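Q: I am new to this structure and would like a close look at a single part of it. Please take one helix and then set it beside the other chain.

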Amino acid sequence: MNEQVIEKIEKMGKHKKKETIRSSIVLKVYRANRLAGESGHYDSIEVPVQRWTTVLDALLHAKSYKDPSIGIRFSCRMASCGSCGMKINGIPRLACYTKVSELEGSTVTVEPLANFPHIRDLVTDFAQFFSHHRDMQPYIKNDQADIEDKARLSEFLQSPEDLDKFLQFSYCIKCGLCYSACPTVATDIKFPGPQALSQAYRYFIDNRDMAEKERMNMVDDRHGIWRCHFAGSCSSVCPKGVDPALGIQLLRGHMLGFSKNEKKIADLQERLRKD
Amino acid sequence: MTMLRESQIMKIHYITGIAALFVVAIHIMMRLIMPYNMSLEYENVIANYHNLPYVVLLESILVLIAIHGFNGLRVILLELRQSKAWEDGVTILTIAAMMAVVAYGTRTIIFANGLGFE
């Protein structure tokens, strides 16, 4: 058993990405102010880097010492807030979660996220993205819970198995990387996108939620869940391992009736266990 | 302008796709019961149309592939533009085209079979 574990760890070590140590890199930053009618161009800025320097660190260095006018959105610097999403060398990533040493070449190209309306430099408009998220009603709807009547207020018990069904999907930080990588969103503006659909599944599968049919109706639309081509790019760019493509496929399975009675069976099992 | 929910349409899409695989497989296998060239000779083709189970098979291929194919086309076209007029237009056009293809194909099968015309 131990040998197998050691073998696995050794294999993981072999597949680990090579780190390239450099003393400086050239940041190629996309610059444009759409509101002012400016056309896009790239500014090349040389930035000193250490082994642990992230792309966000490099950008903030450039902003502090070279060009304070660079437009960038960031906050937590620890992949929790999802503010610093951008295309780094063509791939949607979080700038605070991408070390320069992980990237190939001595030039790092940073561009605004695709599929979002552009505002300025690396800043994009998230209004439509959040609107799709809001459409899914991302909160528990339960008529049996009367939060006004404190005397009747009780907790909703959940088993670890119930929690496991949605836990992975609740790690979403709404960074928009999946939305930016989605080929369907690129062509269909009405498509809710992987983030909203995986959140629909997150609440749909939560046994405390009672708005099952309502949520089904929301995504069962001409431009809804069925327009996903299952390219899987959303899952490959997700920095939190949410796997939105899995959520979409599971929800589709429910809609096709593969696991229609899963909740009812789970309730029955729970009741039998109690009896 | 929705008679069916998208999930119901997609269920039909998947079922017709899987069913078409089977009937087309039988259709291809029927070409192999004799030398391929011979199976496509005029007499043999007409003989196929006079064989009732084979006629049912041909009609089901026609219907299944028309439904699956035209719904696939509708799905592709829906992604091109997003407006109610375009979406309704695409839906009506693809349904009309599907019905026209099925009607024309059925007419060919009936004529080749000689049903009611002999």
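Which residues are buried in helix α2 (residues 55-65) of chain A?

A: This is a predicted model, and what follows is computed from it. Helix α2 of chain A runs over residues 55-65, and the buried residues in it are A:Val55, A:Leu56, A:Ala58, A:Leu59 and A:Ala62. Seen down the axis of α2(A), these buried residues fall within an arc of 160°, so they line one face of the helix. The spacing has a general background: an α-helix has 3.6 residues a turn, so residues three or four places apart point the same way. On the other side of α2(A) the picture changes, and A:Ser64 and A:Tyr65 are exposed there.

The next point is what lies over the buried face. The cover of the buried residues of α2(A) includes four strands of chain A: β1 (24-31), β2 (41-48), β3 (85-88) and β5 (107-111).

Chain B can be described as a whole. Its secondary structure comes to 5 helices and 0 strands, and the order along the sequence is α-α-α-α-α. Of the 118 residues of chain B, 14% count as buried. The radius of gyration of chain B is 17 Å, whereas a compact globule of 118 residues would have one near 13 Å. Along the principal axes, the C-alpha atoms of chain B fill a box of roughly 50 × 30 × 20 Å. Among contacts in chain B with a separation of 6 or more, 80% are between residues 24 or more positions apart.

Note on methods: Residues are numbered from 1 along each chain as its sequence is written. Chains are lettered from A and ligands numbered from 1 in the order in which they are written. This is a predicted model: local features need pLDDT of at least 70, side-chain atom pairs count only at pLDDT 80 or more; totals for chains, interfaces and linings use all residues. Helices (H or I, at least four residues) and strands (E, at least two) are DSSP runs, numbered from the N terminus. The radius of gyration is taken over C-alpha atoms; the globule rule is 2.2 Å times the number of residues to the power 0.38. A residue is buried if 20 or more other C-beta atoms lie within 10 Å of its own, exposed if 12 or fewer, and partly exposed in between; C-beta atoms are placed from the backbone. Two residues are in contact if their C-beta atoms, placed from the backbone, lie within 7 Å. The arc is that of the directions from the helix axis to the C-beta atoms.
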